[in-house]
Amino acid sequence: MTDFSLETIRKGDKLALSRVLSRVEADHEAGRAALDALFPFTGSAHKIGITGAPGSGKSSLVNALAHHLRRAFPDARVAIIAVDPTSPFTGGAILGDRVRMPDLQNDPGIFIRSMATRGALGGLADATLALSQVFDAAGYEYIIIETVGAGQAEVDIVNLAHTTIVVDTPGMGDDIQTIKAGILEIADILVVNKADLPGADQTYRNLAAMIEMGYRGTGRINGGHHRSANAPTDRPEETRGWVPPVLKTTAVTAQGIADLMNAILQHQTYLRATNAWHEKENAAMQLIVNKLVLEELSNNWKQNLAPGLYESVLRALRQREISPRAAARALLAYNSK
Amino acid sequence: MSEKKIRVLIAKPGLDGHDRGAKVIARALRDDGMEVIYTGLRQTPQMIAEAALQEDVDVVGLSILSGAHNALVPQVLEKLKENGQNDVFVFLGGIIPESDIPGLLALGVKKIYGPGTDTRVVCEDIRAALADRA
C-alpha cells in the first residue's frame, strides 16, 4: 500500500479518499486491508437511504436535501453514494445522477461518488456498504445513499441505512399498490415528490391511510422490523415505535425539503433515544459477518475441491442418477476428506 | 470482481447546449463495458476536475462545439494536475479546427475526434492507452 495512509484520508485528502474508494469497490487485497484499518473509526455517521421508482426524483431530492443539510449544518460534511444499474449484457453503465445535482458541484463539503451495481440485485452494489464505511471513517457526518430506480422488492437499503426514505410520485397506481408488501413498508419516511403535479393529494392520502392502517390497528401490516419489541396498539400514545411521516416535496424547487430534513433529524433522535439504533447496528453487523463467512466458506470449498469431482457429480445429476440435493452433499462430503 | 472497470467522465464544459455527441459517446463507451459518469451541460473546468477527482476516473472526455476549446481545455488539464490526477487520459470531441489540434495535443490532450468518428475507434484508443495500467 503505497499512496494510502489513514491519516491523509481522515484529514480530508480527496485524492487519497477517492483512490481508497476505488480499491474497496474492486474488492482487491489493498482495498480489504484499507477497510480493516478504517473500521475502528466507523460508527458515527448517520446513513440516509433514498429509494423509489425510476424517474421519481431521487437524485433531485438528494440534491435539495444535501444542499439544505449543508446550509443548516455548515460544519457537517455530506457524502453521497449514487447507484445506477450495470448493463447485464455489456457490463457497462451510465452513471447519470450527477446531472441532477447541480447545487452540490461547487461545495467543498460534499463528496459525490457514483457506483454501478456490477451485477448485484436488490437496488445497491455489493460494495455500497463498504464505501459507506470508508466515508464514515473519513469523518463524513451524513452519508446519503441513493439506490437504483427500485420496483417492489429492491429493499437491501434498509439493512444499510439508519433512515430509509421511500419516494413515491403522483399517478403511480391506486391504493392497492400501497398495501402490497415490499418497498413501501421499509420506509421510515414516505415522500410524495413532484407534489405540484395533479393527483399528489390522492397519493398522499393513500399513503397516509396505509400508515394509519398499519400503525393504529392491531395488525402488523406495516413492517414489524422497526419495532420488534413494540407491537402497535389501538392507542397510539402508548406506542413507543416510530410512525413514518408522509411528506410532500417538490425537489426541483426545494419545496418541503426543510420538513424532510427535520423528519430525518427527528428519526435520528428517535433511534438514538431508544434501543432502535442498537437493534439496527446489530442486525447490520450480523448481515455483514454472515455474508463474509459464506464468502470465505465458498472460496475455501472451491479451492479444496478434488479435481474432476464437480464434473462427474454434474454428469450423474444430468443423467438423473442422483438428485440435486444428493449432488450437493456429495460435493461437500468429498471435499471435507 | 477481478477485472478493473474503466471509469470515464464525459463532460461538456462551456456554454453550448448541444449534448448529442456527448451522449452518443457515453452510450458507445457503456456498450463497450465501461462505467461512464455523465455530468450534463454547462460545466466549469473546476466542476469537471472536481467530479473527476471524486469519481476517481481513468478517462475524461470533453465535448466542445462552442469554439472555446483553447480557453477551456487548458484549464481542465491544469486543474486535474492540481488535484494530483496526472495520469488521466483526456480526449476531446467536437468542432476543433485543424490548426488548433497540435497545440492542444502538446498541452496533454491525448486524442481529438471530429464529426464522423467511428465510436469503436474511441473505445479502442482508450483500451489501448489503459492496457499497460495495473
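Student: In which loop of chain B does Arg42(B) lie?
Tutor: The model is a predicted one, and Arg42(B) has a positive phi of about 55° in it although this residue is not a glycine. Its place in chain B is the loop between β2 and α2 (45-55).

Student: Is Arg42(B) buried or partly exposed?
Tutor: A residue is buried if 20 or more other C-beta atoms lie within 10 Å of its own, and exposed if 12 or fewer do. Arg42(B) has 14 other C-beta atoms within 10 Å, so the class is partly exposed.

Student: Which residue in the loop between β4 and α5 (128-137) of chain A has a positive phi although it is not a glycine?
Tutor: The phi concerned is about 50°. The residue has 19 C-beta neighbours inside 10 Å and therefore counts as partly exposed. It is Arg118(A).

Student: What is the strand order of the open sheet of seven strands in chain A?
Tutor: The pairing in this sheet is parallel. Its edge strands, each of which pairs on one side only, are β4 (110-116) and β8 (246-248) of chain A. The twist averages 20° from one strand to the next. The order in chain A is β4-β2-β5-β1-β6-β7-β8.

Student: Which residue of β7(A) is the bridge partner of Val166(A)?
Tutor: Strand β6 (residues 163-168) and strand β7 (residues 189-192) of chain A run parallel and are joined by four bridges. In β7(A), the partner of Val166(A) is Leu190(A).

Student: At about what angle to β5(A) does helix α4 of chain A run?
Tutor: Helix α4 (residues 58-72) lies across several strands of chain A, among them β1 (46-52), β2 (78-84) and β5 (142-146). Relative to β5(A), the helix runs at about 170°.

Student: How many of the 29 residues of α8(A) are buried?
Tutor: At 1.5 Å a residue, helix α8 (residues 276-304) of chain A should span 42 Å, and its end C-alpha atoms are 42 Å apart, which agrees. The helix lies largely in the open, because the number of its residues that are buried is two.

Student: Which element gives the most residues to the side of chain A that touches chain B?
Tutor: The contact takes 26 residues from chain A and 24 residues from chain B. On the side of chain A, α2 (14-26), β3 and β4 each supply at least two residues, and that side divides into ten nonpolar, ten polar and six charged residues. The element that gives the most, with seven residues, is α2(A).

Student: Which residue of β2(B) stands opposite Ile94(A)?
Tutor: Three bridges join β3(A) to β2(B), and these two strands run parallel. Opposite Ile94(A), in β2(B), stands Val36(B).

Student: Which residues of chain A does Val36(B) touch?
Tutor: Val36(B) is one of the residues that touch the most other members of the largest nonpolar core, which has 119 residues. Leaving out residues up to four places away in sequence, Val36(B) touches residues of chain B including Val8(B), Ile10(B) and Ala26(B). From chain A, the residues touched are Ala93(A), Ile94(A) and Leu95(A).

Student: Which strand of chain A do the buried residues of α1(B) pack against?
Tutor: Helix α1 (residues 20-31) of chain B has twelve residues and reaches 16 Å from its first C-alpha to its last, close to the 16 Å expected. Its buried residues are Gly21(B), Ala22(B), Ile25(B), Ala26(B), Leu29(B) and Arg30(B). They pack against elements of chain B, including β1 (7-11), β2 (35-38) and α5 (119-130), together with one strand of chain A, β3 (93-95).

Student: Which residue of chain A is in contact with Met34(B)?
Tutor: Met34(B) lies in the loop between α1 and β2 of chain B, and it is buried because 26 other C-beta atoms lie within 10 Å. Met34(B) and Ile6(B) are 28 residues apart in sequence, yet 5.2 Å apart in space, C-alpha to C-alpha. Apart from neighbours within four places in sequence, the contacts of Met34(B) are Lys5(B), Ile6(B), Val8(B) and Leu29(B) from chain B and, from chain A, Gly92(A).

Student: What percentage of the 337 residues of chain A count as buried?
Tutor: Chain A has ten helices and eight strands. Among its contacts between residues at least 6 apart in sequence, 70% join residues at least 24 apart. The share of its residues that count as buried is 42%.

Notes. Residues are numbered from 1 along each chain as its sequence is written. Chains are lettered from A and ligands numbered from 1 in the order in which they are written. This is a predicted model: local features need pLDDT of at least 70, side-chain atom pairs count only at pLDDT 80 or more; totals for chains, interfaces and linings use all residues. Two strands pair if DSSP finds at least two bridges between them. Axes are lines fitted to C-alpha atoms, for helices over the stretch in contact, and angles run from 0 to 180 degrees between N-to-C directions. Two residues are in contact if their C-beta atoms, placed from the backbone, lie within 7 Å. The expected span of a helix is 1.5 Å times one less than its number of residues. Ala, Val, Leu, Ile, Met, Phe, Trp, Tyr, Cys and Pro count as nonpolar, Asp, Glu, Lys and Arg as charged, and the others, Gly among them, as polar. A nonpolar core is a set of buried Ala, Val, Leu, Ile, Met, Phe, Trp, Tyr and Cys residues joined through C-beta atoms within 7 Å.
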